[in-house]
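Dear colleague,

I am handing over a structure that I would like you to look through when you have the time. Please find it just below, with my notes after it.

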Amino acid sequence: MSAQTIGAALRAATDQIRAGGVDSPRLTAEVLLAHVLGLGRAQLLARLEQPLAGPDAASYWALVARAAADTPLAYLTGRREFFGLEFDVDESVLVPRPETELLVEVALEGLATGPAHVIDVGTGSGIIGVTLAVKRQAIRVTAIDRSAVALAIARRNAERHGVDERMRFLEQDLLDPSPPPADLICANLPYIPSADVATLAVSRHEPKLALDGGPDGLDLIRRLIAQAGTVLTPVGRLVLEIEARQGPAVSALCRDAFPRAAVRVLRDFADLDRVVVLDRGV
Ligand SMILES: C[S@@+](CC[C@H](N)C(=O)[O-])C[C@H]1O[C@@H](n2cnc3c(N)ncnc32)[C@H](O)[C@@H]1O
């Protein structure tokens, strides 16, 4: 029997992925095959009549089966773009979300070009800390996570982008033990209420440690705000990603802990509350 062509494989894979109820099945089929063959998508589409056989075919159909079971594409290719940079990801870390780019923008806006110490709490794949270190060459970044495997990925991403010498990686619970004073603390912590976690599609593949924020979703954010007082410098900034319904509650927590600070809630591109910014020194 002659081998299936790339074009025929793409059509069959698209059908299989669509049957799994996954969005953009054709695009997913193309991205996966381009990944297996080490090609760009345009190069792949120029080879539709060529055969797909042997180990490449076996690898491809294994990935297609996982895609049809709704495994995030980033886990299948091992990569995700964030803020124009490419990051390694796997099942031990949250898949970076475009919403988190807002947090990075606000963090950058608060960082001049000079030296500063930044803490990224709940670093996961390291996207926040690594991106800040790439964009601000004079800063040092402390990346914290409770997950040793996540920290290993974050370190790999720091090496990949040439910023590892300005970063350190700490496996610990939030800011305990207390790190040196920071000009900026950023955190995209788990913020989904426990009861919602099981009902969400993300919980089928992404780590519970990255999602579950306790009964009201605010366990970790509440503890971090309480700890931040002793770590944030007198003119420091705290930037927190939140779930859309948490703006009023998180602002109130910030105002209680830092009565003299300026606190703002920012909306994302879907017009949902997404980031709380606290400026201590105003
Ligand atoms: C929502 S994920 C965010 C990952 C990454 N910062 C991003 O934006 O894609 C939250 C991260 O917080 C970490 N985490 C959960 N509880 C923690 C704790 N008590 N202390 C430190 N990190 C924690 C998880 O392991 C996970 O990597």
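What follows is an account of what was found, going from the whole chain to single residues.

Please keep in mind throughout that this is a predicted model. The chain has 282 residues, of which 50% count as buried, and its secondary structure consists of 11 helices and 11 strands. Taken along the principal axes, the C-alpha atoms fill a box of roughly 75 × 40 × 30 Å. The accessible surface comes to about 12900 Å², and carbon and sulfur atoms contribute 53% of that area. As for charge, there are 30 positive and 36 negative charges in the chain, and the mean positions of the two sets are 2 Å apart. Among contacts with a separation of 6 or more, 66% are between residues 24 or more positions apart.

The domain assignment divides the chain into domain 1, covering 4-70, and domain 2, covering 79-279. The contact between them takes 4 residues from domain 1 and 4 residues from domain 2, while the C-alpha centres of the two domains lie 35 Å apart.

Within the range assigned to domain 1, I would point you to valine 31, which sits in helix α2 (residues 25-37). Is this residue buried, partly exposed or exposed? Valine 31 counts as partly exposed because its relative accessibility is 23%, and the cut-off for a buried residue is under 20%. Once its neighbours within four places in sequence are left aside, valine 31 is in contact with Arg41, Leu73 and Thr77. The last of these, threonine 77, is 46 residues away from valine 31 in sequence, yet the two C-alpha atoms are 8.5 Å apart in space.

The next group of findings concerns strand β11 (residues 273-279), which pairs with strand β10 (residues 262-267) in the antiparallel sense over 6 bridges. Two of the residue pairs in this arrangement may be useful as reference points: arginine 264 has valine 277 as its bridge partner, and arginine 267 has aspartate 273. β10 and β11 form a hairpin with 5 residues between them, and in the turn aspartate 271 has a positive phi of about 65°. β11 also pairs with β9, again in the antiparallel sense, over 5 bridges, and here glutamate 241 is the residue whose bridge partner in β11 is valine 275. Because 7 of the 7 residues of β11 are buried, this strand is largely enclosed by the rest of the structure.

Helix α6 (residues 100-109) is mostly covered as well, with 7 of its 10 residues buried. The buried residues are Thr100, Leu102, Leu103, Val104, Val106, Ala107 and Leu108. What do they pack against? The partners are the strands β3 (79-82), β8 (182-187), β9 (232-241), β10 and β11, together with the helix α7 (127-135).

A second hairpin is formed by β3 and β4, with 2 residues between them. These two strands run antiparallel and are joined by 4 bridges, and glutamate 81 stands opposite glutamate 86 in β4.

Lastly, some backbone geometry deserves a careful look, given that most residues other than glycine have a negative phi, and most peptide bonds are trans. Phenylalanine 83, in the loop between β3 and β4 (85-88), has a positive phi near 50°. With a relative accessibility of 18%, phenylalanine 83 counts as buried, the cut-off being under 20%. Leucine 174, which is found in the loop between β7 and β8, also has a positive phi, of about 45°, although it is not a glycine. Leucine 174 is buried, since its relative accessible area is 5%. The loop between β7 (167-171) and β8 also holds proline 177, which is joined to aspartate 176 by a cis peptide bond with omega about 5°.

With best regards

Note on methods: Residues numbered from 1 in each chain as written. Predicted model: local features only at pLDDT ≥ 70, side-chain atom pairs only at ≥ 80, totals over all residues. Heavy atoms only, no water. Buried < 20%, exposed > 50% of the residue type's maximum accessible area, 1.4 Å probe, protein only. Contact = heavy atoms within 4.5 Å. Areas by Shrake-Rupley, 256 points an atom, 1.4 Å probe, with all protein chains shown as cover. Lys, Arg positive; Asp, Glu negative; His and termini not counted. Charge placed at Lys NZ, Arg CZ, Asp CG, Glu CD. Pairing = 2+ DSSP bridges. Domains from an automatic or database assignment.
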